[in-house]
Amino acid sequence: MNKNAFRNISYGLYVLSSWDNTSPTGCTINSVMQITSEPATIAISVNHNNFTNSCIDKSGKFAISVLSVNSDPSIIGTFGFKSGKDVNKFESVKYDNIQGMPVLKDCCAYIICEVINKMETDTHTVFLGKVVDADILSDGEPMTYAYYHKVIKGKSPQNAPTYIANEGKENMNKGKYVCSVCGYVYDGEIPFENLPDDYKCPVCGAPKSAFVKQQ
Ligand code: FE
């Protein structure tokens with residue numbers, strides 16, 4: 001089976017959020033799908049290991065912030081490569097409280113849902129949500145997963161349904177510096193060695209020392 005075929009399925013990039021009691025929490029997801037128009041329902045897929053999964057289960061509500069190509073790519077790293085168990089991810093981003101749900105300011109649209117059903121798979125929970133509110137926040141073009149891979153050169157974290165093992169370790173990256181946290185491949189004009197010491201991964205914010213030269 002050639003799992004690269006799955007790369008031909010179109011996805012977006014979203015920050016899924018909910019509440020951990022009184023603290024907002026969230027994670028990056030790419031699997032969001034509109035199921036019906038009337039009443040509007042949305043399905044999402046969230047890994048069992050994502051802290052946000054249990055928070056949605058408890059609160060019965062979730063919000064989707066739709067990232068645009070203008071959104072700061074570090075949002076993807078903050079929400080995709082760190083755990084809400086360890087850090088308050090919302091401390092480093094600006095957000096609004098809409099209908100009682102945390103929604104990122106730096107996104108192009110939001111959708112707020114109440115959980116009406118769920119289905120368990122081996123690794124992920126599929127939540128079905130009834131949309132209770134949605135709106136467009138900016139005219140930025142929604143970021144597609146293909147854009148994230150091709151332009152930002154980001155990878156899928158292990159918890160993503162689209163994760164492909166050893167992605168980014170192909171020969172094409174030989175000699176390039178790769179972020180050991182998120183898999184971002186440095187491809188800038190300035191040689192990596194000449195970057196300032198305070199250089200940080202643009203996707204996840206890891207320090208320059210976290211980059212490893214591919215052999
Ligand atoms: Fe990184």
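Here are some numbered notes on this predicted model, from the iron site through the pocket to a few individual residues.

1. Ground rules. Because the model is predicted, local features need pLDDT of at least 70 and side-chain atom pairs count only at pLDDT 80 or more, while totals for chains, interfaces and linings use all residues. Residues are numbered from 1 along each chain as its sequence is written, and side-chain values use heavy atoms, with hydrogens and water left out.

2. The iron site. Four cysteine sulfurs hold the iron ion: Cys179 (SG), Cys182 (SG), Cys201 (SG) and Cys204 (SG), lying 2.3 Å from it. Donors here are N, O and S atoms within 2.8 Å of the metal (3.2 Å for Na, K and Ca), and since water is not among the atoms, sites may look incomplete. Along the chain, the donors follow the spacing C-x2-C-x18-C-x2-C. Cysteine 182 and cysteine 201 both sit in the loop between β10 and β11 (211-213), so this pair ties together parts that are 19 residues apart in sequence.

3. Geometry at the iron. The arrangement is tetrahedral because the angles between the four donor atoms run from 102 to 115 degrees. For reference, four donors count as tetrahedral if all angles lie between 85 and 135 degrees; four count as square planar and six as octahedral if opposite donors are over 155 degrees apart and all others between 65 and 115; anything else is irregular.

4. How accessible are the cysteines 182 and 201, buried or exposed? Cysteine 182 counts as buried at 3% relative accessibility, and cysteine 201 is buried too, with a relative accessible area of 3%. Buried means under 20% relative accessible area, exposed over 50%, and partly exposed in between (1.4 Å probe, protein chains only).

5. The largest pocket. Its volume is about 790 Å³, and 45 residues line it, with Phe81, Ser156, Pro157, Gln158 and Val181 lying nearest its centre. On a 1 Å grid over the protein atoms alone, a pocket is an open set of points with protein on both sides within 12 Å along at least five of seven lines, whereas a cavity is a set where a 1.4 Å probe fits but cannot get out; lining residues have an atom within 4 Å of a point. Grid points are joined across faces, edges and corners, and the volume is the space filled by probe spheres set on the points.

6. Where the pocket sits. Domain 1 (9-146) and domain 2 (168-215) both give residues to the lining of the largest pocket, so it lies between them. The domain bounds come from an automatic or database domain assignment.

7. What lines the pocket. At least two lining residues each come from β2 (23-29), β4 (41-47), α1 (51-59), α2 (74-80), α3 (145-150) and β10 (177-179). The largest share, four residues, comes from β2. These elements are DSSP runs numbered from the N terminus, helices being H or I with at least four residues and strands E with at least two. By type, the lining has 20 nonpolar, 19 polar and six charged residues. Here Ala, Val, Leu, Ile, Met, Phe, Trp, Tyr, Cys and Pro count as nonpolar, Asp, Glu, Lys and Arg as charged, and the others, Gly among them, as polar.

8. Backbone spots to check. A cis peptide bond joins glutamate 38 and proline 39, with omega about -5 degrees; proline 39 is in the loop between β3 (32-36) and β4. Asparagine 21, in the loop between β1 (14-20) and β2, has a positive phi near 55 degrees despite being a residue other than glycine, and is exposed at 71% relative accessible area. Glutamine 99, in the loop between β6 (95-98) and β7 (101-104), also has a positive phi, near 50 degrees, and counts as partly exposed at 49%.

9. Buried strand residues. Phenylalanine 62 lies in strand β5 (residues 61-66) and counts as buried at 0% relative accessibility. Its C-alpha is 8.1 Å from that of glycine 129, 67 residues away in sequence. Histidine 124, in strand β9, is buried with a relative accessible area of 7%, and its C-alpha lies 5.2 Å from that of valine 46, at a sequence separation of 78 residues.
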